[in-house]
Amino acid sequence: MCHHCPPLSRARGPSRRAMLALLVGAPLLAACKPQTEGPEPIRWGRETCEICGMIISEPQYAAEIRGGPDAKLVKFDDIGDAVHWLEGKEWKDDPGIEFWVMDYDSGFAGDQWLDARKAHFRSGVVSPMDYGFAAVKLPASDTVDFAAMHKAVLARGLTSRCHPDEIGKG
């Protein structure tokens, strides 16, 4: 024992090994924190659509919505399912809702998300749930804006591949 210091002032802090473990572990712990904004990667072929329960396996048609009181993220295999699911929510008109769609032109890479409200929608495609729309960045002669796509999807109603009881799910 050091004879120059009183015993109470010799309290030791964390060891060098403990500090190193904390520094290495902190980023890992931060990575476990759920995201509260923006789209998230989809595990293609392993995650399912929130409304129809089918596996999301065609990246060029995927959609995600983040919203509600807990900013929960939900995933869809077709933009039409996302539109119908959101229509059933009390908070559907909340300006803070994030609505993401995969860029059709990025193909099976499935790596480019677009803001659904700013995207253009190619019509006449064969989408997973037969709504017939795919999102693209730029307008073209075969595209419509979000409002026109939204109106067409709601007018069509649920496709034969979706069961009406599944609308309230989630």
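**An open sheet and its nonpolar core**

In this predicted model, four antiparallel strands build an open sheet, ordered β2-β1-β3-β4. Strands here are DSSP runs of E with at least two residues, helices are runs of H or I with at least four, and both are numbered from the N terminus; two strands pair if DSSP finds at least two bridges between them. At the edges lie β2 (72–76) and β4 (113–115), each pairing on one side only. Strand β1 (residues 63–67) is joined to β2 by five bridges and runs antiparallel to it. Within this pair, A63 stands opposite F76 of β2.

Residues are numbered from 1 along each chain as its sequence is written. Local features need pLDDT of at least 70 and side-chain atom pairs pLDDT 80 or more, while totals for chains, interfaces and linings use all residues, and side-chain values use heavy atoms, without hydrogens and water.

Turning to the interior, the largest nonpolar core (buried Ala, Val, Leu, Ile, Met, Phe, Trp, Tyr and Cys residues joined through side-chain atoms within 4.5 Å) has 32 residues. Among those with the most contacts inside this core are I65, F76, F99 and F121. The largest share, five residues, is given by α2. Beyond its neighbours within four places in sequence, F121 is in contact (heavy atoms within 4.5 Å) with residues including I79, V101, F133 and M149.

Finally, C52 sits in the loop between α1 (16–31) and β1. C52 is buried (under 20% relative accessible area, 1.4 Å probe, protein chains only), at 11%. In sequence C52 and M129 are 77 residues apart, yet their C-alpha atoms are 8.9 Å apart in space.

Note on methods: Buried < 20%, exposed > 50% of the residue type's maximum accessible area, 1.4 Å probe, protein only.
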